[in-house]
Amino acid sequence: MIALDCDDLFDTWRKQARVLLGHGIDPADVTWSQGPMDDLLAIATPLPEGPGPFRPRVPAALLAQLEQAARYRGAQRWNLLYEVLWRVAHGDRTAMLAGDRLGSELQRRIKQVSREAHHLHAFVRFVPLPEAVAERLQLDLVAYHEPAHDILESASSHFADRLGRQRWLIATPTDGIRFDGSNLDYRRQCPGEWIDWARHAEDPGAELWRTYYRSTFNPARLNPDALRLHMPGRFWRHLPEGMLIPQLESLARQGKQRDGQALEVGLQRGKRVGR
Amino acid sequence: MQLIAKLGILADAAKYDASCASSGAPKRSSRGRDGLGATDGMGICHSYTPDGRCVSLLKVLLTNFCLYDCQYCVNRRSSNVPRARFSPEEVVRLTLDFYRRNCISGLFLSSGIIRSADYTMEQLNRVARLLREEHGFRGYIHLKTIPDADPLLIEEAGRLADRLSVNVELPTEASLKRLAPEKQAHTIRQAMGVIHQGQQAVANEPRAPRFTPAGQSTQVIVGADATDDRTLLRNAESLYQGYGLKRVYYSAFSPIPDSPNSVPLAAPPLLREHRLYQADFLMRGYGYKAGELLGQAGNLALDIDPKLAWALANREVFPLDLNRAEPALLARIPGIGLRSVQRLVTLRRERRIRYDDLIQLRCVLEKARPFIVTSDYRPAQAELRSGLLRQRLREPQAPVQMGLWA
């Protein structure tokens, strides 16, 4: 058994996989370690030297798919990719198609990864820094986000398109990314001060957004399952509106809401319009 | 009145418009430039409220003062609701602030009718112009179009906004007359025509300035009057064909505070709305005709989805051989969606389709099983009568509570 570590880097894995494939090493005889979950049964046999005699040809689309699936954090993260690569390189293209058992898992991972990128685009919430702080830190907006997969680096340039010359930063428990108005600075290890700035930014302005959220909700159509399906609970704590969700649900459930109107709007004095 | 108080009132007043899409806009980016905002065709749902609906845009009215007295509308002039009015600058400020925070992807602005249709439309255009021209805003803008406004104003709106919409609200002349006496079916269609012409004028001119690149949409209210689903679907079909509409939205009528006696005070018919959306999607995405989905007067079945209903009513088409049938026909199999059809077609170029493949593709086999043939499977219950099949496949229905004044 060959035991490898690619430090969760796709390029490293790719070089290793190419050598393995060249030497015709079966997926059953190789394993990649994943952090502390080392395979205790694997006895470290070194990677063979040189490219090896077998020169496989694989479709270009496969490489892109493997790279995308590699961002998935989960069991067999790298082993699975090698198994797909092995089968396709040996002429079995179904290994990358959703109809196959392995291909189906590959496609599921790709889907989860792109879903997580979409979650980043949707649920990151920037806090604008007050002018004096912005000047000192050379930073206009900060956000803290906890993605489930390694999508921060590949998915963040989206915000450079949206925010123009604004300077922003997204910190996560693992990595972080910062934009200075023209260049992206990605760090695999998020600097501690980035995390501090992002987690402890004061945000009095968030009340406007929470007001909007309360008012745009229609209590006569209560459907909390749909909310949870599209916006999983793990994101709520970093959303300014997150704390309102249980509150609005229980108000609507108590049956106080017979119509669509927001509670606080209903409490105000009305006015009929004369002609 | 403070901005935050206005926001509470004017968002509450706008929530009955179902549309919140931010998709379909052309590629725009602010990278390395002054200004703010990007679009890339994909919509983003930035949040969801506990009603399960997506929050993609800042959806507000410029004002909820209104001269009209549409019975179904919370903002009708005789309604006893708090009233407010934003200045255009206030809407701009809110849009930019929420956008920077990544709470929204753009603005959906509508308004009660004040002074005149033209004046109201001018005000809406002014907000869009401020955003686009003064602040270099490249995010998504959806403007509600006031039907009786001057066509020149509608054209201006079309150049500023990604999407325009004119609401049909009630698809029959009689209902409009009864519930929305100030509205007229023909001016609603006229406004749609102006937008459609604007789109066609630039259709084959890549250099021409864009005109509502994300298309036009409309909304109909479901359950405020007696209009049946067949009328709604036929109406939608004619709008898709006649005016090239991108979307028809169906909004289950929610009871409103201070409700007049002319409209129901019942819970919104959410399942009926859901079936209409399903049927509508079948027309837009799968090529079903309205007449196929609902042959006779009445409403769509609530206990089964419209695709299954069609398959049960057309048993002679099935079972279909997944290894042979045309893709367009495969798409008519209940439980197999467009994406699965694509994947099946790719897979069958490599090898024969087996029953297990459908499990891997996560098709809804419970529904698909009686309608398919694969290389290793043929339905035993192919002879089963549609009535029995329906009994087995129908979704459990929540018990209906009897109305107090039924």
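**Two chains, their domains and one parallel sheet**

I'll start with chain B, which is divided into domain 1 (3-293) and domain 2 (306-393); such bounds come from an automatic or database domain assignment. Before going on, the ground rules: this is a predicted model, where local features need pLDDT of at least 70, side-chain atom pairs count only at pLDDT 80 or more, and totals for chains, interfaces and linings use all residues. Residues are numbered from 1 along each chain as its sequence is written, while chains are lettered from A and ligands numbered from 1 in the order in which they are written.

Back to the two domains of chain B. Taken over C-alpha atoms, the centres of domain 1 of chain B and domain 2 of chain B are separated by 38 Å. Domain 1 of chain B puts 10 residues into the contact and domain 2 of chain B puts in 6 residues, where contact means that C-beta atoms, placed from the backbone, lie within 7 Å. On the side of domain 1, the elements giving two or more residues are α8 (270-285) and α9 (290-293) of chain B. Helices here are DSSP runs of H or I with at least four residues, strands are runs of E with at least two, and both are numbered from the N terminus. α8(B) gives the most to that side, with 5 residues. By class, the side of domain 1 of chain B that touches domain 2 has 5 nonpolar, 3 polar and 2 charged residues. For those classes, Ala, Val, Leu, Ile, Met, Phe, Trp, Tyr, Cys and Pro count as nonpolar, Asp, Glu, Lys and Arg as charged, and the others, Gly among them, as polar.

Now the inside of chain B, beginning with a helix pair. The axes of α4 (residues 151-160) and α6 (residues 185-201) of chain B come within 10 Å and cross at roughly 50°. That crossing makes α4(B) oblique to α6(B). Axes are lines fitted to C-alpha atoms, for helices over the stretch in contact, with angles from 0 to 180 degrees between N-to-C directions. Under 35 degrees counts as roughly parallel, over 145 as roughly antiparallel, 65 to 115 as roughly perpendicular, and the rest as oblique. Which residues make the contact? From α4(B) they are B:Pro151, B:Ile154, B:Glu155 and B:Gly158, and from α6(B) they are B:Ala191, B:Val194, B:Ile195 and B:Gly198. They divide into 5 nonpolar, 2 polar and 1 charged.

Next, the sheet. Chain B has an open sheet of 6 strands in the order β3-β4-β5-β6-β7-β8, with parallel pairing; two strands pair if DSSP finds at least two bridges between them. The edge strands are β3 and β8 (247-252) of chain B, each pairing on one side only. Direction ignored, neighbouring strands of this sheet are turned by 20° against each other on average. β3(B) is joined to β4 (residues 106-110) of chain B by 4 bridges, and B:Lys59 stands opposite B:Phe108 in β4(B).

Last, the two chains together. Their contact takes 62 residues from chain B and 64 residues from chain A. On the chain B side, elements giving two or more residues include α1 (3-12), β3 (58-61) and α2 (88-100) of chain B. α1(B) gives the most to this side, with 6 residues. The chain B residues that touch chain A divide into 29 nonpolar, 17 polar and 16 charged.

Technical notes
Two residues are in contact if their C-beta atoms, placed from the backbone, lie within 7 Å.
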